[in-house]
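Thanks for sharing this one. Here are my notes, in numbered points, to read alongside the model.

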Amino acid sequence: MTKNLNSILSAVPYLFILGGFYGNSVSAETMSSLADAKAKQTESLYTIEEGEKGWLNYIPRAVDATPTVFPNESNDDIVPPTEATENQTWTDKKQKSIRNWVDRTANKMDSWFGETDPKKPATATLRVLVDNRWDEHDGYDISPRIRGKIKLPTLENRLSVVFGDDSLDDELENNIAISNPNAEADPDKKFNGKSARDDNSSIALRWSQASKKLPFDVDADLGIRSGNDIYARLKAEKDWDLGDDFYFHAEQIYRYGIDSKNYLRTNLELTHARPDQPFLSNQFNVTYADEQDDDLTWNNRTYRQHQFFKGNRFNYGIYTGGYYNESDLRLNSWGPFVSWRQPVLREWFFVQGDLNYFNDHREDRGHYPRALIRLEALF
């Protein structure tokens, strides 16, 4: 607003001069020189304020001014590449065997839909996770999870098969927290086999929109989850470069299942990231679901992230979360958190540890520590 107002006010003298000259048949040379002068002034005005984002810029500047004890960012390897270790131990050979089996299965499925191209083979990814959680109120529980994706190039690279725990796809791609909406809620049970099978039994055919006609990317799924819940799912996402090293990402997810009914989730992420520097980010999500008791639930994490070597992630920040129910908006939980993730021994095996110190008003719990550990193998 200030920029526009200054620009308008600075043009007022020229308007009066031009009006006077116009009445006296001003020459073309004079008109041209006045226009050049105005253009230079406008350019100077915008150059001074270029890149300003108001109060948003004060946040990274304040963080940069704070003394730090952390080392510089790095992308150096600390584990050997898979090609160098895949035949060394029994575990390496098993990982290679599963990886090859996944690729063979992908190519076999691809051949069902037409003649395959050896130069463009089908590809597959498989994540196997084991989430461990402990706190003084709920005790300890363990949740095995799996998520895979098979791309089928004979179908123009737009169709793929996805399977496993579909709630992993509801998270942002770089979600920093170990979160599991299907975690065991019964403190008397450390592991629920039936629940684990149901949570990991989702399978769907996914169509990915590759057209540039739409202003966002779209994935559409049709499949079955939790054993017998036939569902359709739509996900739209888009990225914006806001300038000044600010980036914004938005996702909208809608799913309808025969049993689970309506599910709607919005993911938002605002990040300030400079090359080779730790970045600041804010991840926010809000969820509506017919299966949940509240009208809406929301979670927000504001944090800073470092990378000390390749595959490493070190985060620390503040969490807030709450709900909206029957016109009542509540902050239910808040507190600090810290998280560390890195490859261990091999580049395909990761360990992540989260330590939280949150409260829970609804359960009448003050701040208490909670530890989460995730073991993750990639194939």
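**Notes on the model**

1. Let me begin with an aromatic residue: Tyr-303 is buried, as its relative accessible area is just 3%. Please keep in mind while reading that this is a predicted model.

2. Tyr-303 has a ring partner. The structure holds 13 aromatic pairs. In one of them, the ring centres of Phe-279 and Tyr-303 are 6.3 Å apart and the planes meet at 70 degrees, so this pair is edge-to-face. Phe-279 belongs to strand β9 (residues 279-289) and Tyr-303 to strand β10 (residues 296-306), so the pair ties together parts that are 24 residues apart in sequence. Phe-279 counts as buried because its relative accessibility is 17%, under the 20% cut-off for that class.

3. Staying with the aromatics, you may like to colour a cluster that is linked by ring pairs. Its members are Phe-70, Phe-308, Phe-309, Phe-314, Tyr-316 and Trp-340.

4. Now for the overall picture. The chain has 6 helices and 14 strands. Of its 379 residues, 36% are buried. Taking contacts between residues at least 6 apart in sequence, 51% join residues at least 24 apart. The chain exposes about 22500 Å², and 58% of that area comes from carbon and sulfur atoms.

5. Which residues make the nonpolar surface patch of about 610 Å²? They are Tyr-254, Tyr-256, Leu-264, Tyr-288, Leu-296, Tyr-324 and Leu-329. Leu-264 sits in strand β8 (residues 261-272). Its relative accessibility is 35%, so Leu-264 counts as partly exposed; that class lies between the 20% and 50% limits.

6. Next, have a look at Ser-333, in strand β12 (residues 328-344). Is Ser-333 buried or exposed? Its relative accessibility is 8%, so Ser-333 counts as buried. The Ser-333 side chain comes to 2.6 Å from the backbone oxygen of Asn-359. Setting aside residues up to four places away in sequence, Ser-333 touches Tyr-319, Thr-320, Gly-321, Phe-358 and Asn-359. Asn-359 is thus named twice here, as a contact of Ser-333 and as the owner of that backbone oxygen.

7. Asn-200 lies in a loop, between α6 (193-199) and β4 (202-208). Asn-200 is nonetheless buried, at a relative accessible area of 17%. What does its side chain reach? A polar atom of the Asn-200 side chain lies 3.0 Å from the backbone oxygen of Pro-144. Not counting residues up to four places away in sequence, Asn-200 is in touch with Pro-144, Arg-145, Ile-146, Gly-164 and Asp-165. Phe-163 is 37 residues from Asn-200 along the chain, and their C-alpha atoms are separated by 7.7 Å.

8. My last stop is another asparagine in a loop. Asn-175 is found between β3 (159-164) and α6. Asn-175 is buried, with 17% relative accessible area. Its side chain reaches the backbone oxygen of Ala-177 at 2.8 Å. Leaving out neighbours within four places in sequence, Asn-175 is in contact with Gln-283 and Arg-313.

Note on methods: Residues numbered from 1 in each chain as written. Predicted model: local features only at pLDDT ≥ 70, side-chain atom pairs only at ≥ 80, totals over all residues. Heavy atoms only, no water. Patch = residues over 30% accessible without salt bridge, like charges linked within 9 Å, V, L, I, M, F, W, Y side chains within 5 Å. Areas by Shrake-Rupley, 256 points an atom, 1.4 Å probe, with all protein chains shown as cover. Salt bridge = Lys/Arg side-chain N within 4 Å of Asp/Glu carboxyl O. Helix = DSSP H or I, 4+ residues; strand = E, 2+ residues; numbered from the N terminus. Buried < 20%, exposed > 50% of the residue type's maximum accessible area, 1.4 Å probe, protein only. Contact = heavy atoms within 4.5 Å. Polar contact = N/O pair within 3.5 Å; in protein donor to acceptor, adjacent residues only side chain to side chain. Phe/Tyr/Trp six-rings, centres within 6.5 Å; stacked < 30°, edge-to-face > 60°.
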